Amino acid sequence: MASKHRTPSAREQLLEPGYGVDRRTLLGGGLALGLPLLFPRSLRAAQGDAAPRPLKVGLVGCGGRGTGAAWQAMHAEAGSVVLWAMGDVFADRLESSRSYLEGALLEEGNSARMDVPEERRFTGFESFRAVIDSGVDIVLLTAIPAFRPAHITYAVEKGCHVFCEKPMAVDVPGLRRVEAAAARAKEKGLSLVSGYCWRYNERHRELFQRVHSGAIGDLQAVYTNYYAGPLGTRPRQEGWSDTEWILRNWHHFRWLSGDHLVEQAIHSVDKQSWAFADRAPLRAIAVGGCQTRKGSEKGDTFDHFAVVYEYEGGARAFCNARQWPNSYGENNDFLYGSKGRATIENWAPYHAIETYGGDTWVYEGEGNDMYQQELDELVASIRAGKPVNDGEWMCRSNLLGILGREAAYTGRAITWEEILNSERKLGPPGMDDGVLEFGAFAHSFDEPVPGEYKLL
Amino acid sequence: MGEPLSLLLALVAALPGGGAEPFQQVVPGARAKLEMMPIPAGTVRDAGGEEHAVGGYWMATTEITWDLFDAFVLGQDGPDLPPGVDAVARPSKPYITADRGFGREGYPALSIGLPAAQAFCDWLSAHTGRTWRLPSALEWQHAAVAGDEGPWHGSGAPSADVPRAYDGRSVVGLDAVAWFRDVAERRTHPVASLAPNRFGLHDMLGNVAEWATSADGKGRLFGGSYQDRAEDVTARSEKRPTAVWNASDPNLPKSRWWLADAPFAGFRVLCETAPAADAPLPANPSPEQP
């Protein structure tokens, strides 16, 4: 099922992302989903009279990840997925994304895959509505996480298929709205693919399939880590309002990013949830704080978390995450069962299962491009008329992250029931419809103090 | 590296053109220093078999470690920078865990894109007033072959018990000087934990493959890495960059600083400029200073 890599041409080497053009991973994805092998047929059709109707794509959030997702969407089929509209709060972000994509498409001779004239470039907080209303089939939701509930709600209401980056929400009320939108998408026959990319990684899929088939027996413990360095900041520039400065440094503000357990290490938490077949834990206990960031631009997030999730039957999961300078780095996952253990070195990459009886399995295939796979499967599901919907498990993983974060903020053991009932909204009132005002903005650099912070 | 180093210093002094002295370079904001060895003049054959004269430069005895590279990336050289340092672009802070869990202190920096390696050299040049850069392929190969014969590695102990050189056909001897697939256990190892070559350079083969400049501007990685089999861990082993090295970067434009899928990509630096004859070594600034 592994995709076949081919040697890139000299021109493709010149243009980095161009290498992805025909590196088809779709067949693998189709098989994994049990979808019909429609791709070769549609490829032929694209060259003949019965070309499939082009799918129009809108991009909401033109940062690096959004630009990447747009590229992958435009390469999910050979030339019948067209980028149609783009939106971002900031004109410069939109412009750099647009000019990059246009240049890269021109280099590989695929300029026709992008049709975003000036009248379909939208800026400001309400740009997401304009993108969605421009007549797109698919919308890529890659804006700052706190805006996602408003964006996905509107996208589904207007009948768009959705690619939705992680995290989907930064608080529980927001997550309930995402959950409702996902359920509505299912009713409407719309596809919804999440940005939990490891679930689209061929290596991980093979390993988890084996784990779920009993290769390591009953799952007893999962240890995941995300020992990363500090994230960058954008120094405040003259003329920036508080709003603009905060938005351009959104990673460092918990009401925008959800804090790094929810924004970054959520990938680790998601794999933990995958290992436990997306069963909910009973409760979580955590420690966390901010030790290394100081100064006037530090934001209000923690720089470390360590969470213990307790599951039915005594199983536990441990997630350690931190963003410290000059420190050891690692981003791996370890699963321990009654019969053996599984090791995932995400970036080595190395995927292995060892039983206590001495048997070893190591993934030997070529793997795939998981980001391309996400969009390949989204488009394939639309073409096949068999909608995919990641809604339930993606919201659960997101909630696990929020649970761990709130356990660290409060210093309490928080049960699953409690977190399900949380009513705390992190952002200002305007976040409900995704629209803020530019201007002075009251902000604090005080992180939550355990023992004082309340779970609301 | 006390004893082997003194042995090597004697050896290097005896080599033709070895009159130049080793020197140490303080790296601003870093706890560790660069140890630089003079590379005597010599000839090296290019891929077409043509001989070229090279030499007259200094090479770092080790691959650049995180200790040194972090000082650059994290801006630990402080707020009051000498003229010119401000103009050097610095890598973004990596979203990926670039070190892959292999280790930090004393471990070679990896996942490094060519522009990041070059920027490190520019940064060091701006700070020190000396000329630092990446070696060319021929300069790198000359330093790796170290006066030995053949496209392989001369070990640091020409007449000792350690087998003298990797013969390109078996792993005999290679494990004394290089971390490669059969012995590395899927990860890099602290620099200079194996014997140096006859020029006093450690890990020219294996551990991380090392950037050298190339005419097309894209650079090449030389010497093989901890991931490669013995036959691909020689002074001639060359990797051409491809888009696959950064396929997993989810962002566009992809990072030019960090290579999400090239954990084998590292570098060492070359210095063109002799240290002033009696210049005292500058004091190492305290890394605790902001």
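These are my notebook entries on a predicted model, covering chain A overall, one sheet in it, and three single residues.

**Entry 1. Chain A overall**

I started with the totals for chain A. It has 16 helices and 15 strands. The chain runs to 456 residues, and 61% of them count as buried. I then looked up the contacts with a sequence separation of 6 or more, and 76% of these in chain A come from residues 24 or more positions apart.

**Entry 2. The sheet in chain A**

Next I traced an open sheet of 9 strands in chain A, with mixed pairing. I read the strand order as β14-β13-β12-β11-β7-β10-β9-β8-β15. The edges are β14 (360-362) and β15 (414-415); each has a single partner strand, so one side of each is left without a neighbour in the sheet.

I also checked what packs on this sheet. Helix α9 of chain A, residues 202-212, touches β11, β12, β13 and β14 of that chain. I noted an angle of about 15° between the direction of α9 and that of β13(A).

**Entry 3. Strand β12(A) and its partners**

I went through the pairings of β12(A) one side at a time. On one side, β11 (residues 332-337) and β12 (residues 340-345) of chain A run antiparallel and are joined by 5 bridges. The hairpin from β11(A) to β12(A) passes through 2 residues. Across this pair I found A:Phe334 opposite A:Thr343, and A:Tyr336 opposite A:Arg341.

With β13(A), strand β12(A) shares 6 bridges, again in an antiparallel run. The hairpin between β12(A) and β13(A) has 4 residues. Here A:Glu345 stands opposite A:Tyr350 of β13(A).

How many residues of β12(A) are buried? I get 5 of the 6, so the strand is largely enclosed by the rest of the structure.

**Entry 4. A:Thr153**

I placed A:Thr153 in helix α7 of chain A, residues 148-157. Is A:Thr153 buried or partly exposed? Its relative accessible area is 27%, so A:Thr153 is partly exposed; the cut-off for buried is under 20%.

The side chain of A:Thr153 reaches the backbone oxygen of A:Pro149 at 2.6 Å. Beyond four places in sequence, I list A:Arg177 and A:Ala181 as the contacts of A:Thr153. I also looked up A:Ala185, which is 32 residues from A:Thr153 along the chain; the two C-alpha atoms are separated by 9.5 Å.

**Entry 5. B:Ala116**

In chain B, I looked at B:Ala116, which lies in helix α3. B:Ala116 has 1% relative accessibility and therefore counts as buried. Leaving aside neighbours within four places in sequence, B:Ala116 is in contact with B:Phe69, B:Phe72, B:Pro91 and B:Trp257. From B:Ala116 to B:Phe267 I have 151 residues in sequence and 10.0 Å in space, C-alpha to C-alpha.

**Entry 6. B:Arg100**

I found B:Arg100 in the loop between α2 (66-73) and α3 (114-128) of chain B. B:Arg100 is buried, yet it has no salt bridge. Which side chain of opposite charge is nearest to B:Arg100? It is that of B:Asp261, 5.8 Å away, and a salt bridge needs the charged atoms within 4 Å.

I then looked for backbone partners. The side chain of B:Arg100 reaches the backbone oxygen of A:Trp347 at 2.9 Å. A polar atom of the same side chain of B:Arg100 lies 3.2 Å from the backbone oxygen of B:Leu259.

Not counting residues up to four places away in sequence, B:Arg100 touches residues of chain A, namely A:Gly329, A:Glu330 and A:Trp347. In chain B it touches several more, including B:Leu110, B:Ser111, B:Asp261 and B:Pro263.

Terms used:
Residues numbered from 1 in each chain as written. Chains lettered and ligands numbered in written order. Predicted model: local features only at pLDDT ≥ 70, side-chain atom pairs only at ≥ 80, totals over all residues. Heavy atoms only, no water. Buried < 20%, exposed > 50% of the residue type's maximum accessible area, 1.4 Å probe, protein only. Lys, Arg positive; Asp, Glu negative; His and termini not counted. Polar contact = N/O pair within 3.5 Å; in protein donor to acceptor, adjacent residues only side chain to side chain. Contact = heavy atoms within 4.5 Å. Pairing = 2+ DSSP bridges. Axes fitted to C-alpha atoms, helices over the stretch in contact; angles between N-to-C directions.
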